[in-house]
Amino acid sequence: MARLLLINGPNLGLLGQREPEIYGADTLADIESRLAQSAQQQGHDLFCYQSDAEHELVRRVHSARDEGVELILLNPAAFTHTSIALRDALLAVSIPFIEIHLSNVAAREDFRHRSFFSDVALGTVAGFGVASYELALVAASRHLARQSAVVRDR
């Protein structure tokens, strides 16, 4: 059983209300609940965290290492394009992570095309709405299973 952490960045607490034509009608609580249930069915514990404040997200990443978190699912939201501090925190703790986006950021405004995370993430899942979270969890489970198999084979 792996400990997973879902981190959501600024404005994602407004999901369900904020631009539903882009982000959908599901609330963050809906997404977290379904994802936690799915993680549990796959034999993992999922902890969820959301903040609009960059420094709080950085602190949460730092504490993840001490908590034995094995993989982070990250929707950095607007910090995708601005947060060197959050990127550095992820690199500092050396916890693998998957970048998630509800919308297809490559098909949006030019300033959204640059991610400070994609090049250091295990992968990025974007553009599938709420299913982006579900697909990221599947990818996380497969990654952890491969890592576990490598350790067993040694």
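Two strands pair if DSSP finds at least two bridges between them. Strand 1 and strand 2 are joined by 6 bridges and run parallel. The legends below describe close-up views of a predicted model.

**View 1. Five strands form an open, parallel sheet.** The strand order is 2-1-3-4-5. Strand 2 (45-50) and strand 5 (123-126) are the edge strands, and each pairs on one side only. Neighbouring strands of the sheet are turned against each other by 20 degrees on average, direction ignored.

**View 2. Strand 1 pairs with strand 2 and with strand 3.** The strand 1 to strand 2 pairing is parallel and has 6 bridges. Ile7 has Tyr49 as its bridge partner in strand 2. Strand 1 and strand 3 also pair in the parallel sense, over 5 bridges. Here Leu4 has Leu71 of strand 3 as its bridge partner. Leu5 stands opposite Ile72 in strand 3. Strand 1 is largely enclosed by the rest of the structure, because 5 of its 6 residues are buried.

**View 3. Strand 3 is covered on both faces.** Leu71, Leu73 and Asn75 are buried on one side. Ile72 and Leu74 are buried on the other. With 5 of its 5 residues buried, strand 3 is therefore largely enclosed by the rest of the structure. Strand 3 (residues 71-75) pairs with strand 4 (residues 97-101) in the parallel sense, over 3 bridges. Across this pairing, Leu74 stands opposite Glu99 in strand 4.

**View 4. Helix 2 lies across three strands of the sheet.** The helix spans residues 28-41. The strands it crosses are strand 1 (3-8), strand 2 and strand 3. Helix 2 runs at about 160 degrees to strand 2.

**View 5. Leu73 and Tyr133 sit in the largest nonpolar core.** This core has 24 residues. Leu73 and Tyr133 touch the most other members. Strand 1, helix 2, strand 3, strand 4 and helix 5 (131-153) each give two or more residues to the core. Helix 5 gives the most, with 5 residues. Leaving aside its neighbours within four places in sequence, Leu73 is in contact with Leu5, Leu6, Ile7, Leu35, Leu46, Ile98, Ile100, Ala136, Leu137 and Ala140. A second, separate core has 19 residues and includes Ile7, Val58, Val61 and Ala89.

**View 6. Helix 3 packs against helix 4.** Two packed helices are described by the angle between their axes and the distance between the axes. The axes of helix 3 (residues 54-66) and helix 4 come within 9 Å and cross at roughly 5 degrees. Angles under 35 degrees count as roughly parallel, so helix 3 is roughly parallel to helix 4. Helix 3 meets its partner through Glu54, Leu57, Val58, Val61, His62 and Arg65. Helix 4 meets these with Ala85, Leu86, Ala89, Leu90, Ala92 and Val93. The residues of this contact divide into 9 nonpolar, 1 polar and 2 charged.

**View 7. Ala89 of helix 4 (residues 84-93) contacts Val58, Val61 and His62.** Ala89 counts as buried because its relative accessibility is 3%, and buried means under 20%. The contacts with Val58, Val61 and His62 leave aside neighbours of Ala89 within four places in sequence. The C-alpha atoms of Ala89 and His62 are separated by 6.6 Å. These two residues are 27 residues apart along the chain. Ala89 also belongs to the second core, as do Val58 and Val61.

**View 8. His143 is a buried residue of helix 5.** Its relative accessibility is 12%. Leaving aside neighbours within four places in sequence, His143 is in contact with Leu71, Pro96 and Leu122. Of these contacts, Leu71 is also the bridge partner of Leu4. Leu71 is among the buried residues of strand 3.

Note on methods:
Residues numbered from 1 in each chain as written. Predicted model: local features only at pLDDT ≥ 70, side-chain atom pairs only at ≥ 80, totals over all residues. Heavy atoms only, no water. Helix = DSSP H or I, 4+ residues; strand = E, 2+ residues; numbered from the N terminus. Buried < 20%, exposed > 50% of the residue type's maximum accessible area, 1.4 Å probe, protein only. Contact = heavy atoms within 4.5 Å. Axes fitted to C-alpha atoms, helices over the stretch in contact; angles between N-to-C directions. Parallel < 35°, antiparallel > 145°, perpendicular 65-115°, else oblique. Nonpolar A, V, L, I, M, F, W, Y, C, P; charged D, E, K, R; others polar. Core = buried A, V, L, I, M, F, W, Y, C linked by side-chain atoms within 4.5 Å.
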